[in-house]
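Here is a short briefing to read alongside the structure. Have the viewer open, and follow the points below at your own pace.

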Amino acid sequence: MDKDASHQSTNQNQSGGETLDKSLLVVDDDRLFCERLGRALSSRGFTARTAMSVTEALAAIETAPPAFAVIDLRLGDGSGLDVMRALKAKRADARGVILTGYGAIATAVMAVKLGAFDYLAKPANADDVVAALMAGRLDMPAEHDPPMSADRVRWEHIQRIYEACERNVSETARQLNMHRRTLQRILAKRAPK
């Protein structure tokens, strides 16, 4: 984790007015991606720190909760949703974006309920992330988006039950009347198109 200290919620500018706190935490277990995104966001005016795990992110939030966060959904030691929950508990005005290669409507809804402002599929570039952080709202899908396939609808249903069971695989398998190993294989795969 970078040692840069986060700023207070507002900073004083030369005329005595207040400016937006641009402290930011990037959380991703892909070190190269995390550091690259942190540098890119720093060059766009944010004061970025990085964390490679849920544990590191929670420690950073406890020390100095940032005004903004970019959080990977799936981390080596847990879920980015837990990081988002901790951030919002510590700093209610924080704006967060969830990044994932495992896009799912159910997870997006859960992320928004926990306080995320947007949900972007990886790889997202720094401009997309900045736009999402500064917009402050989840964009609605375009009207011309094609309907979901049957496989995608099934996958979304499984994700919704999984989140409702607080990501407990055994309980989810019981509710879906599915073998636990089959469910684990489904959860490990990317969402179907």
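A good place to begin is the pair glutamate 35 and arginine 31, whose side chains meet in a salt bridge with an N to O distance of 3.7 Å. These two residues sit four apart in helix α1, so about one helical turn separates them. Glutamate 35 has 32% relative accessibility and therefore counts as partly exposed. Please keep in mind that this is a predicted model.

**Other salt bridges**

- The structure holds nine salt bridges.
- Arginine 91 pairs with aspartate 93, and their closest N and O atoms lie 3.0 Å apart.
- Arginine 91 has a relative accessible area of 10%, so this residue counts as buried, the cut-off being under 20%.
- Glutamate 163 and arginine 167 also join through their side chains, at 3.5 Å from N to O.
- Is glutamate 163 buried or exposed? Glutamate 163 is buried, at 9% relative accessible area, whereas arginine 167 is partly exposed, at 24%.
- Glutamate 163 and arginine 167 belong to a network of salt bridges that also links Asp82 and Arg85.

**Nonpolar cores**

- The largest nonpolar core has 22 residues. Leu24, Leu37, Leu41, Val70, Leu99, Val129 and Leu133 are the ones with the most contacts inside this core.
- Which elements each supply at least two residues of this core? They are the strands β3 (23–27), β5 (68–72) and β8 (95–100), together with the helices α1 (31–42) and α5 (126–135).
- Valine 70 is a handy residue to click on: leaving aside residues up to four places away in sequence, valine 70 touches Leu24, Leu25, Val26, Val27, Leu37, Leu41, Val97, Leu99, Val129 and Leu133.
- A second core, separate from the largest one, has 19 residues, among them Ile61, Val83, Met84 and Ile98.

**The chain as a whole**

- The protein chain has eight helices and nine strands.
- Of the 193 residues in the protein chain, 44% are buried.
- Taking contacts between residues at least 6 apart in sequence, 60% join residues at least 24 apart.
- The protein chain exposes about 10,600 Å², and 51% of that area comes from carbon and sulfur atoms.

Conventions
Residues are numbered from 1 along each chain as its sequence is written. This is a predicted model: local features need pLDDT of at least 70, side-chain atom pairs count only at pLDDT 80 or more; totals for chains, interfaces and linings use all residues. Side-chain values use heavy atoms; hydrogens and water are left out. Buried means under 20% relative accessible area, exposed over 50%, partly exposed in between (1.4 Å probe, protein chains only). Contact means heavy atoms within 4.5 Å. Accessible areas come from the Shrake-Rupley method with a 1.4 Å probe; for residues, only the protein chains shown count as cover. A nonpolar core is a set of buried Ala, Val, Leu, Ile, Met, Phe, Trp, Tyr and Cys residues joined through side-chain atoms within 4.5 Å. A salt bridge is a side-chain nitrogen of Lys or Arg within 4 Å of a carboxyl oxygen of Asp or Glu.
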